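Open the model in your viewer and keep the selection tool ready. We will go stop by stop: select, look, move on.

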Amino acid sequence: MKQSLYFAKTRKETPKDAQEISHKLLMRGDYIDQLASGIYTLLPLGLRVHQKIVNIIREEMNGIGSQELLMPALHPKSIWTKTGRWNVYKGEMYQFEDKSGHWFGLGPTHEEIITTIVANRINSFRDLPQALYQIQTKFRDEARPKAGLLRGKEFIMKDLYSFHATKEDFDKFYETVTEAYLRIFKRCGVDAFPVQASGGAFTKEITREFMIKTGAGEDTTLICDHCGWAANKEVAENLRKKCPKCGGEIKQYTTVEAGHVFHLGTGFSEKLGASFIDENGDKKPIIMGCYGLGTTRIMASVVEVNNDKKGIIWPSEVAPFSVHILSLGSDIKVKQEAQALEDYLQKEGIEVLYDDRDLSAGEKFADADLLGIPLRAVISEKTLSQGMVEIKYRKDTEARLVTRGDLINAAKTKN
Ligand SMILES: [Zn+2]
């Protein structure tokens, strides 16, 4: 892809209302556009990153045997009143009357919908377990949306729901999902750790949150640096200072909640009639779990923990492109060589952004640093005379001269 034809336009100035580093850099790199407070467009570069994150999640969710579906965002009030959550969510959920006098809400979560779907299809213990997920736009009436993609009124989430005949089976799957989540975070280039938390409007049980340490979070997490024990402030209130597991010192960190897993028990299945006949012929409510991951929030979190003064440093698996070619100067031979290199890399299946614009070297380097593509490849009169390419990893400071073959290897190596 040639940068001269690319839609995105980087900017030097930081948007006035942007406080958090991810908000600033995603706006300056033209990854996102702000329509209104808490409402964003994923521009072509931003969508590329988001799709990579979503693909990682799909691979991991399919890998643990869950199946993807897509539920509506628009929900009739009647289904939410069956669980009593229409009122619980008042203030947080967009609720409105249509022209024929029927009430609807925009879904902040989908337990009511999925449980009804499952209730109509599951009859026997032989039909269980099941795990179903979607990747979908969610809505939340935030009073003060802030921090860019970290907290919005409209955002994208992966939500998974599981259905089990026994608590033991649920417990096993809960751990399987936890492991899959840790793999997802690792592949996205962020360290997240599971934390005990309260379940809020979902369940009275203790649940598990996945927290990413950042400077920009709105949650406070207490972590034992010695053994990794962690809990959110509410849960850990009485413990403070000492770790209950190893007695080590507990430190306080600012974190972003990037995922949450809940044991729902049988509350939803009882209210919505989702039951099954067990081996002895007895009718029982299905045991449920739900598991959320904020995909746009993960995108912002990746930037929060992978950046420097000059811009974003994308981890290789979620980068919008793998290689950023820069041609320096106006020499026609340099341009021809850069073009040939783009064709060559693309034939090898490597995603390339080629900065072919008539700008100074300084401007091109600044933009490359801001956009944060993991590997930069420079073609200039100097490199051309040596028959080489100058490469530099975004995360490193040192550049070096390599052959085309070495460049292919560097581009294919995960970093
Ligand atoms: Zn400890």
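**Stop 1: the zinc site**

Select the zinc ion. Four sulfur atoms coordinate the zinc ion at 2.3 Å: the SG atoms of Cys 224, Cys 227, Cys 243 and Cys 246. Keep in mind that this is a predicted model.

What is the arrangement of the 4 donor atoms around the zinc ion? The angles they subtend run from 102 to 116°, so the arrangement is tetrahedral. The cut-off helps here: four donors count as tetrahedral because all their angles lie between 85 and 135 degrees. For comparison, the ideal angle for four tetrahedral donors is 109.5 degrees.

Now find the donor residues in the sequence. Their spacing reads C-x2-C-x15-C-x2-C. Pick out Cys 227 and Cys 246, which are 19 residues apart and link distant parts of the chain. Cys 227 sits in the loop between strand E11 (219–224) and strand E12 (230–232). Cys 246 sits in the loop between helix H7 (233–236) and strand E13 (250–265).

Are these two cysteines buried or exposed? Cys 227 has a relative accessible area of 31%, so it is partly exposed. Cys 246 is at 35% relative accessibility and also counts as partly exposed.

**Stop 2: the whole chain**

Zoom out and show the whole chain as a cartoon. The chain has 13 helices and 23 strands. Its C-alpha atoms fill a box of roughly 80 × 60 × 45 Å along the principal axes.

Switch on the surface. The accessible surface of the chain is about 19,400 Å², and carbon and sulfur atoms make up 49% of that. Of the 415 residues, 51% count as buried.

How do the contacts run along the chain? Take those with a separation of 6 or more: 68% of them join residues 24 or more positions apart. Several such pairs come up on the next stops.

**Stop 3: helix H9 and Ser 22**

Select residues 295–305. This is helix H9, and 10 of its 11 residues are buried, so the helix is largely enclosed by the rest of the structure. Among the buried ones are Arg 297, Met 299, Ala 300, Val 303 and Glu 304.

Next, select Ser 22. You will find it in helix H1 (residues 21–28). Ser 22 is at 0% relative accessibility, so it counts as buried.

What does Ser 22 touch, beyond residues up to four places away in sequence? It touches Leu 150, Ala 300, Val 303 and Glu 304. Draw a distance between the C-alpha atoms of Ser 22 and Ala 300. They are 5.4 Å apart in space, yet 278 residues apart in sequence. Then show the side chains of Ser 22 and Glu 304. A polar contact of 2.7 Å joins them.

**Stop 4: aromatic rings**

Show the aromatic side chains. The whole structure holds 8 aromatic pairs. Go to Phe 173 and Tyr 291: their ring centres are 5.8 Å apart and their planes meet at 80°, so this pair is edge-to-face. Phe 173 is in helix H6 (residues 167–188), and Tyr 291 is in strand E16 (residues 287–294), 118 residues apart. Both ends are covered: Phe 173 counts as buried at 11% relative accessibility, and Tyr 291 counts as buried at 1%.

Stay with aromatic pairs and select Phe 185 and Phe 210. Here the pair is tilted, with 6.0 Å from centre to centre and 35° between the planes. Phe 185 lies in helix H6 and Phe 210 in strand E10 (residues 206–213), so the pair ties together parts 25 residues apart in sequence. Phe 185 and Phe 210 are both buried. Add Tyr 181 to the selection: ring pairs link Tyr 181, Phe 185 and Phe 210 into a cluster.

**Stop 5: Ser 380 and Glu 381**

For the last stop, select Ser 380. Its place is in the loop between strand E21 (375–379) and H12. Ser 380 is at 13% relative accessibility, so it counts as buried. Setting aside neighbours within four places in sequence, Ser 380 is in contact with Leu 328 and Val 334.

Now select Glu 381. This residue is in helix H12 (residues 381–385). Glu 381 has a relative accessible area of 52%, so it is exposed. Which residues does Glu 381 contact, leaving aside neighbours within four places in sequence? They are Asp 331 and Val 334. The C-alpha atoms of Glu 381 and Val 334 are separated by 6.2 Å, with their positions 47 residues apart along the chain.

Methods:
Residues are numbered from 1 along each chain as its sequence is written. This is a predicted model: local features need pLDDT of at least 70, side-chain atom pairs count only at pLDDT 80 or more; totals for chains, interfaces and linings use all residues. Side-chain values use heavy atoms; hydrogens and water are left out. Donors are N, O and S atoms within 2.8 Å of the metal (3.2 Å for Na, K and Ca); water is not among the atoms, so sites may look incomplete. Four donors count as tetrahedral if all angles lie between 85 and 135 degrees; four count as square planar and six as octahedral if opposite donors are over 155 degrees apart and all others between 65 and 115; anything else is irregular. Helices (H or I, at least four residues) and strands (E, at least two) are DSSP runs, numbered from the N terminus. Buried means under 20% relative accessible area, exposed over 50%, partly exposed in between (1.4 Å probe, protein chains only). Contact means heavy atoms within 4.5 Å. A polar contact is a pair of N or O atoms within 3.5 Å; within protein, one must be able to donate a hydrogen and the other to accept it, and residues adjacent in sequence count only if both atoms are side-chain atoms. Accessible areas come from the Shrake-Rupley method with a 1.4 Å probe; for residues, only the protein chains shown count as cover. Rings of Phe, Tyr and Trp (its six-membered ring) pair if their centres lie within 6.5 Å; planes under 30 degrees apart count as stacked, over 60 as edge-to-face and the rest as tilted.
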